[in-house]
2 protein chains.
Amino acid sequence: MPFRLSTRGHYAVLLMYELARAGDSFCSLADIAGVQKVSPGYLEQIVRPLRDAGLVESRRGFGGGYTLALPPSQITVGNIVRTVEGPVVPVKCAGEGDVPDECPDNCQARRVWRKVGEAIDSVLDSVTLEDLLQE
Amino acid sequence: MPFRLSTRGHYAVLLMYELARAGDSFCSLADIAGVQKVSPGYLEQIVRPLRDAGLVESRRGFGGGYTLALPPSQITVGNIVRTVEGPVVPVKCAGEGDVPDECPDNCQARRVWRKVGEAIDSVLDSVTLEDLLQE
DNA sequence: TACTAATCCTATTATTATAGTAGGATTAGT
DNA sequence: ACTAATCCTACTATAATAATAGGATTAGTA
């Protein structure tokens, strides 16, 4: 199936949604894993880039966990997905910089792939965590 | 990298573009593989669903090959991609029918994934082979 | 001070999907 | 007969995905 989002991006959004629900209080990955039925160890790998990007803050030790570093209205689904998965580029030759060798020279569809990427980003960036909370 | 199109869909569009360029004459996979530097054996697997779906016609034997079964203006990139790769469904729980077990229950983002799928289809369906020829 | 609950960090592994390859059977022009 | 093509099935190598395992560090609490 084309244009699939892996579980990494999927779970990252679930995780951030739970943090948004928790508000200012710190929330442990074990809690989130319990609610969403996902492996805590896997969530650890997913939350790291979000922390490094400054989207969440962490607190170690007893009573620790994670909380949003910004208000839910200032974090979009696009921010989350791109942070854990990288930029949305449907095919390599549609990305920035030189066209890789694997991509045939006369790829007339390159403009189409670029438009697809932009359309995806546009949808992802139009939805904030606050929007998700209000549903 | 999220929302990637595999080479199958990518090559299918290249292949159909070459058939469109060839017009009414039959074109062999070896020819196309030569132009696009892709394995002919792999193209065979890709062209089969296109033939089964009635998008191309084949002729066997000496001088045989493939040709478009419809005018280029009536074949969109979306037709091609969905035929070889299946429907555009970014995450499983955003598809038709019941939500699979793997998808957590409170996946508030499901509507977002659906909108992403629709946006992708919209772009893909807005471009025909004739559009590609005219670039 | 011990205990516990949490983040941190690295490495390993099982499963699946992708991207082919290989080999032969059939068909049809020359 | 020869050749060039589609047809068809099966196999395989590689890479990405989706985790798991095991321990080190940190910070509250009894």
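How many residues does the contact take from chain B and from chain A? Select both chains: the contact takes 44 residues from chain B and 44 residues from chain A, where contact means heavy atoms within 4.5 Å. This is a predicted model, in which local features need pLDDT of at least 70 and side-chain atom pairs count only at pLDDT 80 or more, while totals for chains, interfaces and linings use all residues. Residues are numbered from 1 along each chain as its sequence is written, chains are lettered from A and ligands numbered from 1 in the order in which they are written, and side-chain values use heavy atoms, with hydrogens and water left out.

**Stop 1: the interface of chains A and B**

Keep both protein chains on display. About 4,000 Å² is buried between chain B and chain A, and carbon and sulfur atoms give 67% of that area. Buried area is the accessible area (1.4 Å probe) that two parts lose on being put together, summed over both. Next select P2(B), F3(B) and Q108(B): in chain B these lose the most area to chain A, together 17% of what that side buries.

Now look for charged pairs. The rule finds 2 salt bridges across the interface of chain B and chain A, a salt bridge being a side-chain nitrogen of Lys or Arg within 4 Å of a carboxyl oxygen of Asp or Glu. Select R111(A) and E135(B), which form a salt bridge with their closest N and O atoms 3.6 Å apart.

Residue pairs in polar contact, both at pLDDT 80 or more, number 5 across this interface. A polar contact is a pair of N or O atoms within 3.5 Å; within protein, one must be able to donate a hydrogen and the other to accept it, and residues adjacent in sequence count only if both atoms are side-chain atoms.

Colour chain B by secondary structure. On its side that touches chain A, the elements that give two or more residues are α1 (7–22), α2 (29–36), α4 (77–85) and α5 (110–125). Of these, α5(B) gives the most, with 9 residues. Helices (H or I, at least four residues) and strands (E, at least two) are DSSP runs, numbered from the N terminus. By class, this side of chain B has 30 nonpolar, 6 polar and 8 charged residues. Ala, Val, Leu, Ile, Met, Phe, Trp, Tyr, Cys and Pro count as nonpolar, Asp, Glu, Lys and Arg as charged, and the others, Gly among them, as polar.

**Stop 2: the axis**

Superpose chain B on chain A. A rotation of 180° with 0.0 Å of shift along its axis does this, at RMSD 0.0 Å. That is the relation of a two-fold axis. To find the axis from chain B, select F3(B), whose C-alpha is the nearest in that chain, 1.9 Å from the axis. The superposition is by least squares on the C-alpha atoms of residues with pLDDT of at least 70 in both copies. Of the interface residues of chain B, 100% are also interface residues in chain A, so the copies meet through the same surface.

**Stop 3: DNA strand D**

Select DNA strand D and the residues near it, meaning those with a heavy atom within 4 Å. Strand D is surrounded by 25 residues, the closest being T7(A), Q45(A), R60(A), L29(B) and S58(B). Of the strand D atoms within 4 Å of the protein, 61% belong to sugar or phosphate and the rest to bases.

Three residues of chain B are worth labelling.

- L29(B): a backbone N or O atom lies 2.8 Å from a phosphate oxygen of strand D.
- Y66(B): a polar side-chain atom lies 2.9 Å from a phosphate oxygen of strand D.
- E44(B): a polar side-chain atom lies 3.0 Å from a base nitrogen of strand D.

The largest share of the surface near strand D, 4 residues, comes from α3(B). That surface divides into 6 nonpolar, 12 polar and 7 charged residues.

**Stop 4: DNA strand C**

Move to DNA strand C. Here 25 residues surround the strand, and L29(A), S58(A), T7(B), Q45(B) and R60(B) are the closest. The side chain of S58(A) has an N or O atom 2.4 Å from a phosphate oxygen of strand C, and a polar side-chain atom of R51(A) lies 3.1 Å from a phosphate oxygen of this strand. For a base, select R60(B): an N or O atom in its side chain is 2.7 Å from a base oxygen of strand C. α3(A) gives the most to the surface near strand C, with 4 residues.

**Stop 5: within chain A**

Finish at R21(A) and E18(A), whose side chains meet in a salt bridge (3.5 Å, N to O). Both lie in helix α1 of chain A, 3 residues apart, about one turn of the helix. Over all chains the structure holds 10 salt bridges.
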